[in-house]
Amino acid sequence: MFRAIKKKKSIINTDDMDLILKNARRGVLAVNGDNGYPYAIPINYLYDSSAQKIYFHGARTGHKVDSILACDKVCFVVYGNEIIKEEAWAPFMQSVVVFGRCHLLENSSETMMLLKRFAMKYYPNEQLVDDEIARAGKATQLFEIEIEHLSGKEVQER
């Protein structure tokens, strides 16, 4: 159902993909947008490797929400881990492509706990997280991507 990476020597293993998804701070979410055009936007996210899910937040209305409600199939890309190997002058970069189904989470105590876990990735301390959730948490929509397929590779940028 999903295409295999053509250059087998470029494929990275599952542990490397997990590390990229856990450590990167932003990725690009692509949805099926208006009038058949793809719509891709950078987002902050939280990766839950044990559940094989990605969480992100956003407004309750807008292009992203409308697109997800119309078609739950999404693609999410994270890249990073740029390194320069001694034998090559050009940098190597790793990326992970995620295919999955996205849906909006209902507001519940579990959702608020997920929102706190998400915020702890980005805020410097728990007090700031608690203050922000108290101030704006109820207005925030949490989204969940159920991962169906992952692929990762390392490419040299030259």
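The following dialogue discusses charged residues in a predicted model.

Trainee: How many salt bridges does a search of the whole structure find?

Mentor: A salt bridge requires a side-chain nitrogen of Lys or Arg within 4 Å of a carboxyl oxygen of Asp or Glu. With the whole structure searched, the number of salt bridges found is 7.

Trainee: Which parts does the salt bridge of Glu-144 and Lys-53 tie together, and how many residues apart are they in sequence?

Mentor: The side chains of Glu-144 and Lys-53 meet with an N to O distance of 3.5 Å. Glu-144 belongs to strand S7 (residues 141-156) and Lys-53 to strand S4 (residues 53-58), so the pair ties together parts whose separation in sequence is 91 residues.

Trainee: Is Glu-144 buried or exposed?

Mentor: The term buried applies under 20% relative accessible area. Glu-144 has a relative accessible area of 7%, and therefore it is buried. Its partner Lys-53, with 22%, is partly exposed. For Glu-144, then, the term is buried.

Trainee: Which residues are joined into one network by salt bridges that share partners?

Mentor: Asp-72 forms a salt bridge with Arg-101, and their closest N and O atoms are 3.0 Å apart. This pair links distant parts of the chain, with Asp-72 in the loop between H2 and strand S5 (73-83) and Arg-101 in strand S6 (residues 92-104). Salt bridges with shared partners make one network of Asp-72, Arg-101 and Glu-148.

Trainee: Which helices hold Lys-116 and Glu-126?

Mentor: These two residues form a salt bridge, with 2.6 Å between the closest N and O atoms. The pair ties together parts that are 10 residues apart in sequence, because Lys-116 lies in helix H3 (residues 109-120) and Glu-126 in helix H4 (residues 126-136).

Trainee: What is the nearest side chain of opposite charge to Lys-64, and how far away is it?

Mentor: Lys-64 lies in helix H2 (residues 63-70). Leaving aside residues up to four places away in sequence, Lys-64 touches several residues, including Leu-29, Tyr-39 and Phe-143. Lys-64 is buried and has no salt bridge; the nearest side chain of opposite charge is Asp-66, at 11 Å.

Trainee: Which residues gather in a patch of positive charge on the surface?

Mentor: One member of the patch is Lys-7, which lies in the segment before helix H1 (14-23). Lys-7 counts as exposed because its relative accessibility is 59%. The residues of the patch are Lys-6, Lys-7, Lys-9 and Lys-153.

Notes
Residues are numbered from 1 along each chain as its sequence is written. This is a predicted model: local features need pLDDT of at least 70, side-chain atom pairs count only at pLDDT 80 or more; totals for chains, interfaces and linings use all residues. Side-chain values use heavy atoms; hydrogens and water are left out. Patches are made of residues with over 30% relative accessible area and no salt bridge: like charges are joined within 9 Å, nonpolar side chains (Val, Leu, Ile, Met, Phe, Trp, Tyr) within 5 Å. Accessible areas come from the Shrake-Rupley method with a 1.4 Å probe; for residues, only the protein chains shown count as cover. Lys and Arg count as positive and Asp and Glu as negative; His and the chain ends are not counted. The place of a charge is taken as NZ of Lys, CZ of Arg, CG of Asp or CD of Glu. Helices (H or I, at least four residues) and strands (E, at least two) are DSSP runs, numbered from the N terminus. Buried means under 20% relative accessible area, exposed over 50%, partly exposed in between (1.4 Å probe, protein chains only). Contact means heavy atoms within 4.5 Å.
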